[in-house]
Amino acid sequence: MIDIHCHLLPGIDDGAKTIEDSMAMICHAMKSGIKKIVATPHIIPGRYNNTRESIQAAFKKVRTELDRNNINIDISYAAEIRFDYVILEMVHNDAVPYLGSYEGERVLLLEFPHTHIPPGHEELIKWLLSRGVRVLIAHPERNRSLSKDIDKVSSLIKLGCLLQITGGSLTGVFNNTFKECAEEIVRRGWGSVIASDAHNLHARCPELEPARRAAEKIIGEAAANKMVFDTPETISQTHFQSN
Ligand SMILES: [Fe+2]
């Protein structure tokens with residue numbers, strides 16, 4: 001399986017704090033059947049002011065430690081970018097750590113605030129699309145506005161967004177509203193990818209198999225596998241960052 005959303009780079013967001021945390025998360029992911037990881041630290045202006053350079057520096061620490069311990073895993077980095085008008089500038093300056101590509105377009109992992117969908121989101125998404133940037137919405141089921149109104153999720157699909165479901169939502173790590181919304185998105189075939197969004201080895205750990213099984217019960221094995229194998233593989237094949 002391939003995990004294209006997790007917070008395992010050390011000390012640059014609310015995920016792994018130390019290189020030891022990073023290594024523990026990677027080892028756990030490998031034991032749980034994850035063969036490839038894209039580390040996606042937060043970029044939240046004012047809170048986590050990460051840039052491609054700061055992310056690359058943290059990634060290099062992990063790469064060095066993996067090599068030193070002869071641990072062989074396919075790993076790269078991108079970012080989870082909070083909705084903010086800074087994105088316009090980042091795209092303009094070619095400073096976006098893209099997740100990869102899909103259907104010929106670059107893919108940006110976009111996170112809305114957890115409480116609402118900000119005004120201007122349609123314009124931003126259309127603006128990005130017009131520049132060949134496809135938006136993959138991080139865990140729409142965990143947004144309080146979207147989780148209560150499936151029609152709002154439908155609007156994002158109509159805008160051309162891809163949706164990433166967080167594994168823990170399907171397995172009930174969060175609340176029932178998020179679980180039911182995640183299940184409905186999967187049932188309707190709107191979810192492109194399941195990712196761990198792992199931050200640690202506790203509540204949100206780097207595992208995908210329990211969520212894959214939960215999705216399998218809803219949409220069958222082939223469609224569930226597509227969400228943890230084929231589509232994340234397709235997206236992450238293109239590396240925009242030089243490792
Ligand atoms: Fe995340």
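**Entry 1: Arg 68 and its partner**

I started with Arg 68, which counts as exposed at 59% relative accessibility. A caveat before going on: this is a predicted model. I then asked which residue Arg 68 bridges to. The partner is Glu 65, and the closest N and O atoms of this salt bridge are 2.8 Å apart. Glu 65 has 18% relative accessibility and so counts as buried, since the cut-off for buried is under 20%. So I have an exposed arginine tied to a buried glutamate. Both sit in helix 2, residues 52-68, and because they are three residues apart there, about one helical turn separates them.

**Entry 2: the pair in helix 8**

Next I looked up Arg 187 and Glu 184, whose side chains meet in a salt bridge at 2.7 Å, N to O. How far apart are they along helix 8? They are three residues apart in that helix (residues 176-187), so about one helical turn lies between them. I checked the exposure of each one as well. Arg 187 has a relative accessible area of 47%, so I put it down as partly exposed. Glu 184 is partly exposed too, at 23%.

**Entry 3: helix 9 and a network**

Then I went to helix 9, residues 209-219, where Glu 209 and Arg 212 are three residues apart and thus separated by about one helical turn. The two form a salt bridge, with 2.9 Å between the closest N and O atoms. Is Arg 212 buried or exposed? Arg 212 is buried, with a relative accessible area of 10%. Glu 209 comes out as partly exposed at 23% relative accessibility.

This pair isn't on its own: I found Glu 209, Arg 212, Arg 213 and Glu 216 linked in a network of salt bridges. For the whole model I noted a count of 15 salt bridges.

**Entry 4: strand 2 and its neighbours**

I turned to the strands, beginning with strand 2 (residues 36-39). Lys 36 and Val 38 point one way from this strand, while Ile 37 and Ala 39 point the other way. I had wondered whether these side chains were buried or exposed; all of them are buried, Lys 36 included.

What does strand 2 pair with? One partner is strand 1, residues 2-6, in the parallel sense over three bridges. In that pairing I see Asp 3 standing opposite Ile 37 of strand 2. Tracing the chain from strand 1, I pass through helix 1 (residues 19-31) before reaching strand 2, and this β-α-β crossover is right-handed.

Strand 4, residues 74-77, also pairs with strand 2 in the parallel sense, over four bridges. Here Ala 39 stands opposite Tyr 77 of strand 4.

**Entry 5: strand 9 and its neighbours**

How many residues of strand 9 are buried? Five of the five in this strand (residues 162-166) are, so I noted strand 9 as largely enclosed by the rest of the structure. For the directions, I have Leu 162, Gln 164 and Thr 166 pointing one way, with Leu 163 and Ile 165 pointing the other way.

I looked up the pairings of strand 9 too. Strand 8, residues 133-138, runs parallel to strand 9 and is joined to it by three bridges. Within that pairing, Ile 137 has Leu 163 in strand 9 as its bridge partner. Strand 10 (residues 191-195) also pairs with strand 9 in the parallel sense, this time over four bridges. There I find Thr 166 opposite Ala 195 of strand 10.

**Entry 6: the whole chain**

Last, I stepped back to the overall figures. The secondary structure of the chain comes to 11 helices and 10 strands. Along its principal axes the C-alpha trace spans about 50 × 40 × 30 Å.

I also compared the radius of gyration with what a compact globule would give. For 243 residues that would be near 18 Å, and the chain has 17 Å, so the two agree.

What share of the residues count as buried? Of the 243, 55% do. The chain exposes about 10400 Å², and carbon and sulfur atoms supply 48% of that area. For contacts, I took those between residues at least 6 apart in sequence and found that 76% of them join residues at least 24 apart.

Methods: Residues are numbered from 1 along each chain as its sequence is written. This is a predicted model: local features need pLDDT of at least 70, side-chain atom pairs count only at pLDDT 80 or more; totals for chains, interfaces and linings use all residues. Side-chain values use heavy atoms; hydrogens and water are left out. Buried means under 20% relative accessible area, exposed over 50%, partly exposed in between (1.4 Å probe, protein chains only). Helices (H or I, at least four residues) and strands (E, at least two) are DSSP runs, numbered from the N terminus. Two strands pair if DSSP finds at least two bridges between them. A crossover is right-handed if, with the strands pointing away from the viewer, the path from the first strand over the helix to the second runs clockwise. A salt bridge is a side-chain nitrogen of Lys or Arg within 4 Å of a carboxyl oxygen of Asp or Glu. The radius of gyration is taken over C-alpha atoms; the globule rule is 2.2 Å times the number of residues to the power 0.38. Contact means heavy atoms within 4.5 Å. Accessible areas come from the Shrake-Rupley method with a 1.4 Å probe; for residues, only the protein chains shown count as cover.
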